[in-house]
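Here is a friendly walk through one chain, from its pockets and strands to the places that call for some caution. Keep the viewer open as you read.

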Amino acid sequence: MATRAPRSTGEQLVLSYSDTSSLDANPAHKPATEDFTVRVKGVSNAVTAVTVDAQTKTVTLTLTTPVVHGQGGVTVAYADPTTSNDTNAIQDAAGNDAASIPITKVINNTKDTTPPQINMDPSCYGNALTLRFSDTSNLDVDHKPASGDFTVLVNGAANTVTRVRVGAEHKCIYLTLATSVRLGQEMTVAYQDSSPDDSNGIQDTAGNRLTRFTTTWVSVERDNSAPRLITDPHSSSSPKVKGNQLVLGFYDASDLDAAPTNKPFTSDFTVLVNGVANAVSAVAVNAQAKTIALTLTTAVTPGQTTTVAYSMPNDGTAIRDAAGNRLTSFAATAVNTDIASPQLITTGSAGPRTNRSRLMLEFSDTSNLDVTEGHEPLSGDFTVLVDGVANTVTSVIADYRAMNARIIYLALATPVRHGQSVTVAYQDSTPNDSNAIQDTAGNRLTRFTTTQVDNCVGKDDFAPQLITVSDTTSPRVNGNQLVLSFGDISDLDADPTHKPVAGDFAVLVNGVANAVTAVAVNAQAKTMTLTLATAVTPGQTATVAYTDSTPTDTSAIQDAVGNRLTRFAATAVNTADTAPPQLIATGATGPKVNGKQLVLSFSDTNHLDMAPTRKPTTGDFAVLVNGVPNAVTAVAVNATHKTVTLTLGTAVTNGQSVTVAYNDPTPGDDTNAIQDVVGNDANSFAATAVENLTPVLPTESLAPTPAASTKAPGADSGGVSSAQEDLADGNGDGIADSAQAAVSSLRATMSSSSGTSVTLVAGSQDGKVPSGSNARITSLEQKAVPAEMPRELKTPIALTSFQAALNTVGSSETFSLYVDPKIGANGYWLQDNTGTWVNLASSPYGGKMVNEGGRLRLDFQIKDGGQFDADGLADGVITAPGAAAKMPLSIVGLAPDVAHDGFWF
């Protein structure tokens with residue numbers, strides 16, 4: 001029977017079963033794809049493959065169309081072929097068939113990996129600009145974007161964004177502008193995240209971040225609503241009086257009309273103080289602040305009961321906005337007369353108190369605290385000490401829901417544990433701004449001294465518990481690093497003498513034990529990292545179990561207060577690849593450039609993603625040549641070679657210094673980036689040195705110069721004439737090898753310890769260098785025969801290994817190798833990328849053997865980055881550790897189309 005609700009993650013749908021036996025994972029016994037019916041919102045989604053995992057007792061269905069995040073209405077049904085036990089069915093190892101499954105709801109666990117996208121319908125009403133977004137997740141309200149990251153233009157002039165609010169479920173961002181916009185004005189908005197590495201931006205609750213959107217037209221709506229008096233007692237803009245100044249705040253999409261000829265008369269207002277009229281002697285309007293200040297004949301003292309009312313006359317003057325909408329009246333409304341700042345309650349049940357990661361401060365005041373967004377005190381203005389050590393305040397929340405609204409909560413970076421001593425102090429570091437502990441009357445508390453906090457955290461009596469149900473914190477492995485996360489109100493005990501013994505963990509990979517060689521504990525993160533003897537590859541089945549073998553000593557999985565976890569049963573480990581591709585920065589596969597082609601190589605357990613729609617953009621790279629930028633004009637990704645090739649705007653020349661840097665668009669996984677096939681983005685990397693393999697110009701050849709012959713003229717030179725050897729003209733074209741970058745010779749030692757001359761020609765045309773050839777031999781040397789060389793292949797001069805630089809990346813080149821025919825070679829043999837030895841100097845591979853002037857010429861072709869290029873990279877350099885060798889005729893005579901014993905025969 002099924003034990004967990006079916007769940008889907010993209011194109012995978014998993015059914016879990018309970019059984020005393022394992023499931024039958026024999027491919028010949030698994031159920032047919034048509035036995036399953038999967039529907040998404042009523043539409044059929046065909047099953048293309050079925051995989052059974054015997055040990056985890058799961059059946060995984062591969063769907064034709066991946067289920068996307070947030071998609072509802074996913075169901076699955078299964079029809080057991082017959083009522084008896086069938087050959088092909090969901091069944092256990094004993095052959096018992098699982099029952100049919102009726103239409104069952106599937107839990108959609110597919111992750112949201114797409115950032116919010118702006119809809120093309122922004123609208124503005126007065127000074128309120130609304131941006132609407134599409135996203136399968138809600139928007140993140142806790143990490144809103146900075147106001148300065150938006151650019152708003154009205155008739156071409158900048159209009160500053162003064163406030164940003166986020167509507168999570170409505171998926172809207174609301175911008176407050178410094179100046180109201182009128183109907184008929186042209187308006188645009190654009191966004192650029194100026195700090196992509198911090199936590200603030202346009203993002204959804206899944207952490208997907210929108211880094212920018214381009215200039216977008218905004219629809220300007222007509223303001224048809226009159227100003228409204230703000231009366232909310234939690235707002236600092238509600239009516240308040242200090243002395244003879246009574247200030248009224250208003251809601252309005254537009255600014256107020258501050259024209260002297262349009263403002264209301266003093267007689268339009270009625271102010272009563274303790275029931276007695278107090279005449280208004282002057283009226284002042286602040287258009288953008290949307291306030292009206294009334295000057296009273298007599299100052300009001302704190303505690304006096306005060307009200308204000310308004311009635312518009314019929315002479316055209318009024319409280320009105322810039323769009324001409326008039327407020328006709330408002331009834332008698334209470335006015336706040338408080339002039340005393342809030343005071344921290346330091347003792348008793350209302351004194352400062354904490355419960356793990358939250359610290360509560362309560363204040364006494366005749367007014368409520370100001371909870372207006374943007375007016376809360378700065379987190380850095382609080383100093384919290386726990387056992388004398390600073391504990392950072394990460395956020396401040398003024399609670400408008402609390403009775404009388406006089407409580408502030410501080411979120412702490414590190415949870416407080418039972419028995420710790422805690423103090424708090426406050427100092428307003430910006431006394432002239434709007435951020436402070438203050439009440440709605442505007443009275444500000446500038447500081448309070450170090451005050452003891454009541455630690456309400458109860459004693460921790462519970463052992464750490466392994467987290468097994470989270471996508472991100474359940475057991476997971478990457479290579480040889482297996483990470484376990486634990487739930488506990490205390491930190492883990494990271495004392496090296498207290499950590500658990502490696503042998504107490506049992507890790508199985510595909511049913512085979514994988515020893516734990518080391519254990520590392522992160523106390524605050526509450527994780528343990530196990531180092532395995534053998535790396536795990538993505539897709540392998542892995543489990544981990546734990547039993548404390550020494551329950552009476554100090555070594556165990558335990559928390560900081562000593563609660564000990566004695567065991568956990570075998571638990572599935574997530575083996576999905578979550579590691580990003582890593583740039584290989586040095587060595588043979590480090591960054592290389594040849595002319596316009598710059599090649600980057602990466603290490604990763606998967607192939608790179610080479611889809612054109614997902615490759616990184618040219619602007620993500622910065623290439624400097626002798627310190628000067630060289631634009632990247634194209635990017636090509638090779639999935640299997642795990643390379644990224646950049647085409648440069650200007651070709652690099654020999655000897656120039658080159659560096660390359662890369663900027664990953666966002667900290668999350670992006671659509672366009674260097675990434676592997678499962679979507680893990682490569683990290684940004686700083687300027688990294690690039691090896692310059694660009695050949696010198698023909699007139700500046702730096703080709704290797706053979707050592708001068710030490711033999712007397714006319715001496716035996718192993719099949720090479722004395723004239724040839726004296727001139728070092730190994731290919732007999734009348735030109736010294738040292739004068740040709742495409743020709744090089746060496747003296748090879750034979751197995752008999754005698755010497756023989758070997759000459760290599762690159763870009764060869766019947767052994768000679770054609771006019772205009774730009775091929776260059778950069779190295780030619782004799783190397784030892786590898787141990788795994790097929791025994792039938794006879795190599796009298798071991799390996800003749802060379803490197804050649806080409807003019808065009810990815811092109812094919814023809815080579816000629818001159819050897820003494822006395823060595824008995826019948827081909828030039830080279831391993832392909834599967835390890836098979838092949839005779840390239842044979843017609844099936846476009847090669848041939850020619851006797852020329854008493855020497856044997858072996859002609860063959862190799863493609864840059866092809867199966868016979870040993871470095872495997874299309875980088876303008878061919879590497880070939882081949883051999884002029886002999887294979888018995890009985891073997892050579894057979895067609896080279898089947899691999900056997902490491903060579904073609």
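## The second largest pocket

The second largest pocket holds about 1,300 Å³ of space. Bear in mind that this is a predicted model. The pocket has 42 lining residues, and those nearest its centre are Arg163, Thr176, Ile230, Ser237 and Thr372. Sorted by class, the lining is made of 18 nonpolar, 16 polar and eight charged residues.

Which elements give two or more residues to this lining? They are strand 11 (123-134), strand 14 (161-167), strand 15 (172-181) and strand 22 (240-251). Strand 22 has the largest share, with six residues.

## Strand 22 and its partners

Strand 22 is worth following beyond the pocket. Strand 21 (residues 228-229) runs antiparallel to strand 22, and two bridges join them. Within this pairing, Leu229 sits opposite Phe250 of strand 22.

Strand 22 is also joined to strand 26 (residues 291-300), by six bridges and again in antiparallel fashion. Here Gln245 has Thr295 of strand 26 as its bridge partner. If you trace side chains along these elements, remember that in a regular strand they alternate between the two faces of the sheet.

## Overall form

Zooming out, the secondary structure of the chain consists of two helices and 72 strands. How does the chain's radius of gyration stand against the globule rule? The radius is 39 Å, well over the 29 Å that the rule gives for 905 residues, so the chain is more spread out than a compact globule. The C-alpha trace spans about 130 × 75 × 60 Å along its principal axes.

## Two open sheets

One open sheet has four strands in the order 24-23-27-30, with antiparallel pairing. Its edges are strand 24 (276-277) and strand 30 (329-335); each has a single partner strand, so one side of each is left without a neighbour in the sheet. Further in, strand 23 (residues 269-273) and strand 27 (residues 306-311) run antiparallel and are joined by five bridges. Val271 has Val308 in strand 27 as its bridge partner.

Another open sheet, also of four strands, follows the order 42-43-47-46 and pairs in antiparallel fashion. Strand 42 (465-466) and strand 46 (516-522) are the edge strands, pairing on one side only. Between them in the order, strand 43 (residues 476-487) is linked to strand 47 (residues 527-536) by six bridges, the two running antiparallel. A handy pair to pick out is Val483 and Thr529, with Thr529 in strand 47 standing opposite Val483.

## Enclosed space

How many cavities of 30 Å³ or more does the structure hold? There are five, and the largest cavity contains about 50 Å³ of space. Its lining is made up of Val477, Asn478, Gly479, Val536, Pro538, Thr575, Ala576, Asp577 and Thr605.

Strand 43 makes the largest contribution to that lining, with three residues. By class, the lining has four nonpolar, four polar and one charged residues.

## Positive phi in two loops

Two backbone angles are worth checking in your viewer. Asn155 is not a glycine, yet its phi is positive, near 50°; Asn155 belongs to the loop between strand 12 (150-154) and strand 13 (157-158).

Lys526 likewise has a positive phi, of about 60°, without being a glycine. Lys526 lies in the loop between strand 46 and strand 47, two members of the sheet ordered 42-43-47-46.

## Where to be careful

The average pLDDT of the chain is 86, and 92% of the residues score at least 70. Over residues 400-404, though, the pLDDT is below 50, and this stretch has five contacts in the model beyond near neighbours in sequence. Residues 890-905 also have pLDDT below 50; beyond near neighbours in sequence, that stretch has 35 contacts in the model.

What should you do with such stretches? Where pLDDT is low, the predicted coordinates should not be read in detail. That applies to the contacts of residues 890-905, where the pLDDT is below 50.

Methods. Residues are numbered from 1 along each chain as its sequence is written. This is a predicted model: local features need pLDDT of at least 70, side-chain atom pairs count only at pLDDT 80 or more; totals for chains, interfaces and linings use all residues. Side-chain values use heavy atoms; hydrogens and water are left out. Two strands pair if DSSP finds at least two bridges between them. pLDDT is the predictor's confidence in each residue, from 0 to 100. Contact means heavy atoms within 4.5 Å. On a 1 Å grid over the protein atoms alone, a cavity is a set of points where a 1.4 Å probe fits but cannot get out, and a pocket is an open set with protein on both sides within 12 Å along at least five of seven lines; lining residues have an atom within 4 Å of a point. Grid points are joined across faces, edges and corners, and a volume is the space filled by probe spheres set on the points. Ala, Val, Leu, Ile, Met, Phe, Trp, Tyr, Cys and Pro count as nonpolar, Asp, Glu, Lys and Arg as charged, and the others, Gly among them, as polar. The radius of gyration is taken over C-alpha atoms; the globule rule is 2.2 Å times the number of residues to the power 0.38.
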